[in-house]
Amino acid sequence: IGRKILLVDDQSFNIDALRIILTSLGIDTERLCSISLNGKQALQKIKDSVAQCGRCDFELILMDCNMPFMDGYEATSKIREYLFAYNLPQPIITAVTGHTEKAYIKRAIDCGMNQVLSKPVNPRLLGNLVKKFNLC
């Protein structure tokens with residue numbers, strides 16, 4: 001499967017938790033997951049992917065919202081704009097955040113995220129997400 005997942009979070013323990021859940025779902029995280037520690041790195045990984053193979057390599061992006069350098073909201077907007085400019089398919093971008101109040105959910109959706117999962121991530125919900133998009 002060429003479908004990759006980009007994990008974006010500035011806290012390594014959150015990345016580790018997501019990798020453990022994804023591994024338990026049968027996903028080869030060593031091969032299929034890439035990591036970015038902030039939105040700026042995530043945007044660069046998307047650009048690098050497009051430069052290398054002419055498309056976005058990532059089917060799913062699990063994006064923290066509050067990070068240094070570039071937060072998840074801005075990164076999502078920039079990823080959407082970049083891929084749109086090249087007329088490329090858009091990945092599913094899911095917010096993974098501790099901020100699940102209505103205003104934060106609205107902000108996530110308004111910037112182009114598809115949905116919001118609260119931290120700590122419920123393994124069943126993440127499992128449903130990856131199965132829905134045939135990522136495992």
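**Exercise 1. Contacts of arginine 107**

Which residues does arginine 107 touch, not counting residues up to four places away in sequence?

*Solution.* Keep in mind that this is a predicted model.
Step 1: Find arginine 107. Its place is in helix H5, residues 102-110.
Step 2: Leave out residues up to four places away in sequence; the contacts are then Asp71 and Tyr73.

**Exercise 2. A salt bridge across the sequence**

Work out what the pair arginine 107 and aspartate 71 forms, and which parts the pair ties together.

*Solution.* Step 1: Check the side chains. Those of arginine 107 and aspartate 71 meet in a salt bridge, at 3.6 Å from N to O. The cut-off for a salt bridge is 4 Å.
Step 2: Place each partner. Arginine 107 belongs to helix H5, while aspartate 71 sits in the loop between strand S3 (58-63) and helix H4 (72-85).
Step 3: Draw the conclusion. The partners are 36 residues apart in sequence, so the salt bridge ties together parts separated along the chain.

**Exercise 3. Buried, partly exposed or exposed?**

Classify arginine 107 from its relative accessible area.

*Solution.* Step 1: Take the value for arginine 107, which is 41%.
Step 2: Recall the limits. Buried is under 20%, and exposed is over 50%.
Step 3: Arginine 107 falls in between, so this residue is partly exposed.

**Exercise 4. A pair within one helix**

Describe the salt bridge between aspartate 110 and lysine 106, and classify both residues by exposure.

*Solution.* Step 1: Look at the distance. The closest N and O atoms of aspartate 110 and lysine 106 are 2.6 Å apart.
Step 2: Place the pair. Both residues lie in helix H5, 4 residues apart, or about one turn of the helix.
Step 3: Compare with the limit of 50%. Aspartate 110 has 54% relative accessibility, so it counts as exposed. Lysine 106 has 52%, so it is exposed too.

**Exercise 5. Another pair**

How do the side chains of arginine 31 and aspartate 28 meet?

*Solution.* Step 1: They meet in a salt bridge, 3.5 Å from N to O.
Step 2: Add the exposure. Arginine 31 is partly exposed at 49% relative accessibility. Aspartate 28 is partly exposed at 36%.

**Exercise 6. The whole structure**

How many salt bridges does a search of the whole structure find?

*Solution.* The search finds 9 salt bridges.

**Exercise 7. Sequence and space**

How far apart are arginine 107 and leucine 60, in sequence and in space?

*Solution.* Step 1: In sequence, arginine 107 and leucine 60 are 47 residues apart.
Step 2: In space, their C-alpha atoms are 19 Å apart.

Definitions and conventions
Residues are numbered from 1 along each chain as its sequence is written. This is a predicted model: local features need pLDDT of at least 70, side-chain atom pairs count only at pLDDT 80 or more; totals for chains, interfaces and linings use all residues. Side-chain values use heavy atoms; hydrogens and water are left out. Helices (H or I, at least four residues) and strands (E, at least two) are DSSP runs, numbered from the N terminus. Buried means under 20% relative accessible area, exposed over 50%, partly exposed in between (1.4 Å probe, protein chains only). Contact means heavy atoms within 4.5 Å.
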